[in-house]
Amino acid sequence: MDLSASLSLIAPEILLSVSGLVLLLVAGWAGDKASRWISLAACAILAACFALTAPAVCGGAMGAGADAFGGLFVADAFAGFAKLMIYAAAGAVLLIAPPYFEQYRLMRAEFPVLVLFAVLGMNVMVSATDLMTLYIGLELNSLSSYVLASFLKTDNRSSEAGLKYFVLGALASGILLFGVSLVYGFTGTTSFAGIRGALDGHMAMGALFGITFVLAGLAFKISAVPFHMWTPDVYEGAPTPVTTFFASAPKVAAIALSARVALDAFGPQADAWRQIVVFASLASIVVGAVGAIGQSNIKRLLAYSSINNVGFILIGLAAATPEGASAMLVYLAIYVAMTVGSFVAVLMLRTEGGTHTEQIADLSGLSRTRPLLALCLAIQMFSLAGIPPLFGFWGKFVVFQAAVRADLVPLAFLGIAGSVIGAFYYIKIVKVMYFDEPADVAWKDGGKAHWALLAISTAAVSPLGYLLTIWLGSLADKAAAALFLAA
């Protein structure tokens, strides 16, 4: 493929790169007083990227026509599906972030620029078809994320979150690089296609260790057990809009990257890595469910919830089939809507003095003081628990169905049992809001952007979401087919 064709395939990435640099210059020239306008411009850029990516997803782009730069990058339907979710989540964060930071007088013009560069890194991650491209995208996203985590510099918790994320992220990058070195040493290539060809048949012990270390490094990025230890502390300490970002967009990118690495590069040796994925899946479901039970901070509770949800998503990966990959994408789309809705509701928990509260005890009797907000948050919690007829149930149903059809019935059974355990802490929040005596807290109403996002996400996870099942399933099937084209 010639250079012009490759450049046309990376049009969204070029737009993000150029726009990010231009907005950085604007931020340096105009200062923080232009932060809102820069945020709106960043939202417009993400919308343009969404429009540029959507045709590849709807058209089921795959094969040689989607490869760019000699197989280093691919703009297929699978990558496009993940990018659409990333753009949507990042755009939502840019809308809700300014009011939060302005109350602390810490809204900086660099915030939307950092988000754009993080999205650029995520785009490269989900489109990577070479271990070198993978690492470049992952580090670009990580470097932006470290700064975002510590963005609220007057808050010691935020500084601590950024430091913890940086130190543990550096450790995970080292583990990943060690695995990449082993894979390269025993296969002689960093290309996913080359690795797949080298592993098609006998696999050396060193290559198996390489696969293990690569998956361990990626497990940190998706906060899967046993590499989840950073998640509760970082989610609690980071500013809430940043936590919303971490729980949605980077999670999508890391899971999509893990799926491409496992199913594309390591596809011929699915029996070797499936054991690792099954362990991470079950451990994440159990640890996420049990760890959330005793939490008093709602952000920490949602952190354990994200770990729990990663466990369910990995059930689809363990199936190692097109249906399993499709189920993962469907679950991810629903998960992004639930996550954004839940954190927007948390952001709207402001007292009359403007202080944000994160304590579950402060939600007592919320149904009597803020009935509409309590209803929306209850719908989000029931959907996260997978209780029908809310749309969160459908996400769990499709991954369990894929596991059963891949003859992983025990895994599906254990996943269902774990789902029942996890429902406890979601229902606890609903109980506090509807059955406890009202807390002595005077609430301040949320902004229009918050209400709009909360209404959209609540409608999406309500029974109305089932109207999207055929359309969403069709797009996910096309995306999964692109991932399995070379198999």
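Let's start with α1 (3-9) and α2 (11-30), because each of these helices supplies at least two residues of a nonpolar patch. One thing to keep in mind as we go: this is a predicted model. So, which residues form the patch on the surface? They are Leu3, Leu7, Ile14, Val18, Val22, Val26, Phe69 and Leu72, and together they have about 620 Å² of accessible area. The largest share, four residues, comes from α2. If you want to find Phe69 on the screen, look in the loop between β1 (67-68) and β2 (73-74).

Now to the way helices pack. Take α3, residues 35-58, and α4, residues 77-103. Their axes come within 9 Å and cross at roughly 165°. Angles over 145 degrees count as roughly antiparallel, which makes α3 roughly antiparallel to α4. What kinds of residues make up the contact of α3 with α4? There are 17 nonpolar ones, four polar and three charged. As for handedness, α3 passes α4 in a left-handed crossing.

Let's set another pair beside that one. Helix α14, residues 322-347, packs with helix α20, residues 469-483, at an angle of about 130°, and their axes are 8 Å apart. That angle makes α14 oblique to α20. Here the crossing of α14 past α20 is right-handed.

On to the backbone. Most residues other than glycine have a negative phi, and most peptide bonds are trans. With that in mind, please look at the loop between α9 (205-221) and α10 (231-237), where you will find Pro226. The peptide bond from Val225 to Pro226 is cis, with omega near 10°. Ser223 is found in the loop between α9 and α10 as well. What is the sign of phi at Ser223? Phi is positive there, about 55°, although Ser223 is not a glycine.

There is another cis peptide bond to show you, joining Pro388 and Pro389, with omega about 10°. For Pro389, look in the loop between α16 (371-384) and α17 (392-405).

Last topic: charges. Side chains of opposite charge can pair when their charged atoms come close. How many salt bridges does a search of the whole structure find? The count is eleven. One of them links Arg300 with Asp233, and the closest N and O atoms of this pair are 2.9 Å apart. Arg300 lies in helix α13, residues 298-319, while Asp233 lies in helix α10, so the salt bridge ties together parts that are 67 residues apart in sequence. You have met α10 already: the loop with Ser223 lies between α9 and this helix.

That's my tour, and I'm happy to turn the model around again for anyone who would like another look.

Key:
Residues are numbered from 1 along each chain as its sequence is written. This is a predicted model: local features need pLDDT of at least 70, side-chain atom pairs count only at pLDDT 80 or more; totals for chains, interfaces and linings use all residues. Side-chain values use heavy atoms; hydrogens and water are left out. Axes are lines fitted to C-alpha atoms, for helices over the stretch in contact, and angles run from 0 to 180 degrees between N-to-C directions. Angles under 35 degrees count as roughly parallel, over 145 as roughly antiparallel, 65 to 115 as roughly perpendicular and the rest as oblique. A crossing is left-handed if the near helix is turned anticlockwise from the far one by less than a right angle, and right-handed if clockwise. Ala, Val, Leu, Ile, Met, Phe, Trp, Tyr, Cys and Pro count as nonpolar, Asp, Glu, Lys and Arg as charged, and the others, Gly among them, as polar. Patches are made of residues with over 30% relative accessible area and no salt bridge: like charges are joined within 9 Å, nonpolar side chains (Val, Leu, Ile, Met, Phe, Trp, Tyr) within 5 Å. Accessible areas come from the Shrake-Rupley method with a 1.4 Å probe; for residues, only the protein chains shown count as cover. A salt bridge is a side-chain nitrogen of Lys or Arg within 4 Å of a carboxyl oxygen of Asp or Glu.
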